[in-house]
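Trainee: I have the model open on my screen. Could you walk me through the wording people use for it?

Mentor: Sure, load it and ask away.

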Amino acid sequence: MIFFFHGHDTFRAKQKIDALKHKFMTTVDPAGHNVHAMQSDNWDWESLFQYLKGQGLLSQKKLIVLKDLWQVKDLKNHEATLLAWLDTVSDSQNENNIIFWSSEKIGKDKISKRLEKFKYVQEFADLTPLQAQQWAIELITQAGRSITAEAVQLLIASVGVDSWQLYHETQKLIHAGSYIIDATTVRSLVNARMQNTIFDLIDAVAGGNAARAQTIMSEALAEGMEPLYLTSMINRHMRLLVQASSISAATRNSYAIAEALGVHPYVGKKILSQINRWRPGRFHRLYQALLAADKRLKYSQSPAATLTIMIEQLQK
């Protein structure tokens, strides 16, 4: 059975894949001996074709997750073999479960076109504001809670449509204790303190105050903030700054900027005040530093040290 997932929203795609893994291990392979994964930076064609052709250990089926095949450098050399193999499989539940996962929107290459012909194809595009509202409501309902219309609109206005961040903010609301989540709860719990932390951190970095930036970061970590969540919030804020910088060429009205960005007027005002402190050409270097930190954090034994390096690079 072939699954084909693609799109920029890797958080929701990973949730889907984790659910499929859980189901496979629950019903087919509790020990996980036949669950395999391969991604572009550790690709091994010989092992892949052995996985695809061989039978499972102590089981008739295997689950194989193949991430970002399209980024493998020598894909062209093996494309014909892979396409020939795809012609031998179907959507039968009796076959191995093979998940092709692209973190980018698919193109018009031969492999993508072939995979689109299978039954289980799903695009995980970035959420629109309306989709984000619906997804948040779904998460909250599944947890046995409810949220008012005003509250869910405020939630999206405060958090944005990043699914990773929205999921974690929603979990805070779910565990707040109230069965009905209202706007007051959202205002008190969601992002207000975090947003101020990010504003202060960005101000310190922009002003070249490394000591202040390190102090803010250390305090955030000491309060239990997840390192990946911190970099996610900084990343989101930098994207807003880039967008606001472009918008400000047409208007310096903070309310107009807030509306264009889809954020609270307070956030729009703060962002407008920060634009002049950042040179447009500096944004690319900042993104590179954030991407590097995000990648290192996934494997680092010392998140604090990784974030310290990130702060130093942000100030260059």
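**Why we call it that**

Mentor: Let's start with one residue in this predicted model. Leaving out neighbours within four places in sequence, Leu-307 is in contact with Met-217, Leu-221, Pro-227, Leu-230, Thr-231 and Leu-297. Leu-307 belongs to helix α15, residues 303-314.

Trainee: Why does Leu-307 count as buried?

Mentor: Buried means under 20% relative accessible area. Leu-307 comes out at 0%, so the label fits.

Trainee: How far apart are Leu-307 and Ser-218, in sequence and in space?

Mentor: They are 89 residues apart along the chain, while their C-alpha atoms are 9.3 Å apart. For the chain as a whole, take the contacts between residues at least 6 apart in sequence: 75% of those join residues at least 24 apart.

Trainee: And what does the whole chain look like in numbers?

Mentor: It has 316 residues, and 45% of them count as buried. The chain holds 15 helices and seven strands. Its C-alpha trace spans about 60 × 45 × 40 Å along the principal axes.

Trainee: On to the sheet, then. In what order do the five strands of the open sheet run?

Mentor: The order is β2-β3-β4-β1-β5, with parallel pairing.

Trainee: What makes β2 and β5 the edges?

Mentor: Count partners. β2 (35-39) and β5 (120-123) each have a single partner strand, so each has one side without a neighbour in the sheet. From one strand to the next, the twist averages 10 degrees.

Trainee: How do you know that β1 and β5 are paired?

Mentor: Pairing takes at least two bridges between the strands. β1 (residues 2-6) and β5 have four, in the parallel sense. As an example, Phe-5 has Gln-122 in β5 as its bridge partner.

Trainee: Does a helix sit against this sheet? Which strands does α2 touch?

Mentor: Helix α2 (residues 45-53) packs on the sheet and touches β2, β3 (63-67) and β4. The direction of α2 makes about 145 degrees with that of β2.

Trainee: How many bridges join β3 to β2, and how many join β3 to β4?

Mentor: β2 and β3 pair over five bridges, in the parallel sense. β3 and β4 also pair in the parallel sense over five bridges. On the β2 side, Gln-39 stands opposite Lys-67 in β3. On the β4 side, Leu-63 stands opposite Asn-97.

Trainee: What makes β3 "mostly covered"?

Mentor: Four of the five residues in β3 are buried.

Trainee: Back to Asn-97, then. Is Asn-97 buried or exposed?

Mentor: The cut-off for buried is under 20% relative accessible area. Asn-97 has 11%, so it counts as buried. Asn-97 is found in strand β4, residues 97-102. Setting aside residues up to four places away in sequence, Asn-97 touches Met-1, Phe-3, Phe-24, Lys-61, Lys-62, Leu-63 and Ile-64.

Trainee: Now some helix pairs. Why are α12 and α13 called roughly perpendicular?

Mentor: The band for that label is 65 to 115 degrees. Helix α12 (residues 254-261) and helix α13 (residues 265-275) pack at about 110 degrees, with axes 8 Å apart. They are therefore roughly perpendicular. The crossing of α12 over α13 is right-handed.

Trainee: Which residues make the contact between α12 and α13?

Mentor: From α12 they are Ser-254, Tyr-255, Ile-257, Ala-258 and Leu-261, and from α13 Pro-265, Gly-268, Lys-269, Ile-271 and Leu-272. Sorted by class, that contact has seven nonpolar, two polar and one charged residues.

Trainee: And α7 with α11: what makes that pair oblique?

Mentor: Put the angle against the bands. Helix α7 (residues 163-174) and helix α11 (residues 227-247) pack at about 125 degrees, and their axes are 10 Å apart. Roughly perpendicular covers 65 to 115 degrees and roughly antiparallel starts over 145. α7 and α11 are therefore oblique to each other. α7 passes α11 in a left-handed crossing.

Trainee: Which residues meet in the contact of α7 with α11?

Mentor: α7 brings Trp-164, Gln-165 and Glu-169, while α11 brings Leu-228, Tyr-229, Ser-232, Met-233 and Arg-236. By class, the contact has four nonpolar, two polar and two charged residues.

Methods: Residues are numbered from 1 along each chain as its sequence is written. This is a predicted model: local features need pLDDT of at least 70, side-chain atom pairs count only at pLDDT 80 or more; totals for chains, interfaces and linings use all residues. Side-chain values use heavy atoms; hydrogens and water are left out. Axes are lines fitted to C-alpha atoms, for helices over the stretch in contact, and angles run from 0 to 180 degrees between N-to-C directions. Helices (H or I, at least four residues) and strands (E, at least two) are DSSP runs, numbered from the N terminus. Angles under 35 degrees count as roughly parallel, over 145 as roughly antiparallel, 65 to 115 as roughly perpendicular and the rest as oblique. A crossing is left-handed if the near helix is turned anticlockwise from the far one by less than a right angle, and right-handed if clockwise. Contact means heavy atoms within 4.5 Å. Ala, Val, Leu, Ile, Met, Phe, Trp, Tyr, Cys and Pro count as nonpolar, Asp, Glu, Lys and Arg as charged, and the others, Gly among them, as polar. Buried means under 20% relative accessible area, exposed over 50%, partly exposed in between (1.4 Å probe, protein chains only).
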